[in-house]
Every structure is written in structure tokens, then in C-alpha cells.
Amino acid sequence: MKVENLYKSFGKLDVLKGISATIEKGEVVAIIGPSGSGKSTFLRCLNLLETPTQGRIWVGTDEITEPKVNITKVRQNIGMVFQHFHLFPHKTVLENLTYAPVKVKGLTKEEAETKGMDLLRQVGLSDKANEYPSRLSGGQKQRVAIARALAMSPEIMLFDEPTSALDPEMVKEVLNVMKGLAHTGMTMVIVTHEMGFAREVADRVIFMDDGVLVEEAPPSEFFTSPTSKRAKDFLEKVL
Ligand code: ADP
Ligand code: MG
């Protein structure tokens, strides 16, 4: 995925001010930065949940910011996991996983269920297939949300602070699922405050502040010797 000179404004508020980045296939990129710096907006632009004001985005050789692009199709190919799960409350766990693949991708119910059960195994929740989301813990809900995104067989997975709304004891189970996914070679872009996770799992850290990409480096470099003052100040506060 390639992003070139991305701008996003909401009315007079300029949130993204010319971001360029390349994310390689199979790469795990952690996006970190202060609150309000535009991390979520950036992620939402990547799957066209927000329409960029300016700039271009490619997935492979396909430009998704082309006016004629099929936005539904683009989103099918780019899974997203939010802070607050967004599960369908009136569907069971398995139904949450099978709904879109049947409705949008045209899988048969049986195909979708087989795949759904495989994914529930992958996130350690096979025994919850027939449960409703309200009966799950936050960590379990988030693992279902990850499995649901994977059920569409996306090429890229985006995560927006997937553990921020969780009780501390549930953070690890979700991070472990994400770590496992990273090891499968999935391309992942993760906005996170979990510095330990970013350090361990990410191939690269992108540091954003005030709508610009200030610095990018492998975690080993970024966390030990950030080059910009803004990154240094930020790390001093969070580490
Ligand atoms: P972060 O995820 O880094 O905390 P966000 O991308 O959520 O930052 O927000 C960056 C700025 O954009 C904030 O000032 C926020 O209030 C503003 N913003 C985000 N979404 C909208 C929107 N839909 N309409 C207006 N302003 C928005
Ligand atoms: Mg955010």
C-alpha cells in the first residue's frame, strides 16, 4: 500500500497535512503519536471511511482514490478493527462472522460457517460460536471483531487502538491474537499506545504529530534513539 501526499480537512480544520508512506506486503506498521494528531483519520482514509481532501492511495497497483473506484470493494479488501468492537449485538458470534461473507462476497452459508469456525479457533473462541456478544468479555469481543474482519479475507488489516477500551487483564489476549496474525504474514497497520507491543511486533514505527509523519524507523531505532524533538518529548511522557 502506498500513500502519496495525503491531506484531510474537516471544514477549516486541517487534520492531515501531506502524509506519504509505503507499507510493504506482509509488513506490520505501528502508528503512534499524541492524541488528536490525526492517527485515526489517517487510518480511516486508508480504507476510505474518510474521503481524502487531496492525495492518492494505492493498494498494490490499484489506485483506490480514483474517482471511479468501487468503495465497497476496496473496503472488503481492507479489514478494520475499532476500539469499540462494533459487533452486531443481535447476531451470534458465528453469525457476526458469516453475515458479510454471505451477503457481500457470495459465499454459501456452509462455506462461511466453515471459515468462521476456523477463524474462531484461530482467536481461541470456538466454544463461543453460538453466544451473543453481550455475554462476552471485552477481550473476547475484540477477538471476535478481529475474526469477523478476517472472515472477508482482506489483504490488509487496520487496527485503531484495539486494546484501549479493554480492562488491563484482557489486553494481552488481544495482543497475542494480533501477534499470531502478524506471524501469518498479514499486512497490518496498527494505531496503538502499547509501546511494548509495537517494539516487539512491529517492523516499523510511524510517529505522527499534528497531522504530519514526523519520523519513521524500525522500533529498535525509534524507541532507543528517536531523531526528532517531538518524538523524544512524546516518548518521555509515555515510556
Ligand atoms: P487521533 O486518532 O490521533 O487522536 P483523530 O484523527 O481522531 O486523532 O483526530 C484528529 C483531529 O481531527 C482532532 O482534532 C479531531 O477532533 C478532528 N476530527 C476527527 N474526525 C473528525 C470529524 N469527523 N469531523 C470533524 N473533526 C474531526
Ligand atoms: Mg484515534
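Is Asp 14 buried, partly exposed or exposed? In this predicted model, Asp 14 has a relative accessible area of 46% and is therefore partly exposed, since that class lies between the limit of 20% for buried residues and that of 50% for exposed ones. Asp 14 belongs to strand β2, which covers residues 13-22. Once its neighbours within four places in sequence are set aside, Asp 14 is in contact with Lys 8 and Ser 9, and with Ser 9 there is also a polar contact between the two side chains, at 2.8 Å. Thr 53, which is 39 residues away from Asp 14 in sequence, has its C-alpha atom 9.6 Å from that of Asp 14.

The strand that precedes this region, β1, spans residues 2-10 and contains Asn 5. Although Asn 5 is not a glycine, its phi is positive, at about 55°, and with a relative accessible area of 35% the residue is partly exposed. A similar backbone feature can be followed at Ser 153, which is not a glycine either and has a positive phi of about 50°. Ser 153 sits in the loop between α5 and β7, the latter being residues 156-160, and its relative accessibility of 38% places it among the partly exposed residues.

The surroundings of ligand 1 come next. Phe 10, Leu 13 and Val 15 are among the residues that surround ligand 1, and the list also includes Pro 34 together with the residues Ser 35, Gly 36, Ser 37, Gly 38, Lys 39, Ser 40 and Thr 41. Oxygen atoms of the ligand take part in several of the short distances here: a polar backbone atom of Ser 37 is 3.2 Å from an oxygen atom of ligand 1, while for a backbone N or O atom of Gly 38 the distance to a ligand oxygen is 3.0 Å. Lys 39 takes part through its side chain, a polar atom of which lies 2.8 Å from an oxygen atom of ligand 1.

Attention can now turn to the empty space in the model. The largest pocket holds about 560 Å³, and of the 21 residues that line it, those closest to its centre are Arg 75, Met 80, Ala 100, Arg 148 and Met 152. At least two lining residues come from each of α2 (71-77), β6 (78-81), α3 (93-103) and α5 (138-150), and β6 gives the most, with four. In character the lining divides into 13 nonpolar, six polar and two charged residues.

Met 80, one of the residues closest to the centre of that pocket, also offers a reference point for Pro 218, since the two C-alpha atoms are separated by 23 Å and the residues by 138 places along the chain. Pro 218 lies in the loop between β10 (212-217) and α8 (219-224), where a relative accessibility of 33% makes it partly exposed. Beyond its neighbours within four places in sequence, Pro 218 is in contact with Asp 203 and Arg 204.

Ser 228 is found in the loop between α8 and α9, the second of these helices being residues 229-238. Its relative accessibility is 14%, so Ser 228 counts as buried, the limit for that class being 20%. A polar atom of the Ser 228 side chain lies 3.1 Å from the backbone nitrogen of Ala 231, and, with neighbours within four places in sequence left aside, Ser 228 is in contact with Val 214 and Glu 215.

Key: Residues are numbered from 1 along each chain as its sequence is written. Chains are lettered from A and ligands numbered from 1 in the order in which they are written. This is a predicted model: local features need pLDDT of at least 70, side-chain atom pairs count only at pLDDT 80 or more; totals for chains, interfaces and linings use all residues. Side-chain values use heavy atoms; hydrogens and water are left out. Buried means under 20% relative accessible area, exposed over 50%, partly exposed in between (1.4 Å probe, protein chains only). Contact means heavy atoms within 4.5 Å. A polar contact is a pair of N or O atoms within 3.5 Å; within protein, one must be able to donate a hydrogen and the other to accept it, and residues adjacent in sequence count only if both atoms are side-chain atoms. On a 1 Å grid over the protein atoms alone, a cavity is a set of points where a 1.4 Å probe fits but cannot get out, and a pocket is an open set with protein on both sides within 12 Å along at least five of seven lines; lining residues have an atom within 4 Å of a point. Grid points are joined across faces, edges and corners, and a volume is the space filled by probe spheres set on the points. Ala, Val, Leu, Ile, Met, Phe, Trp, Tyr, Cys and Pro count as nonpolar, Asp, Glu, Lys and Arg as charged, and the others, Gly among them, as polar. A residue is near a molecule or strand if one of its heavy atoms lies within 4 Å of it.
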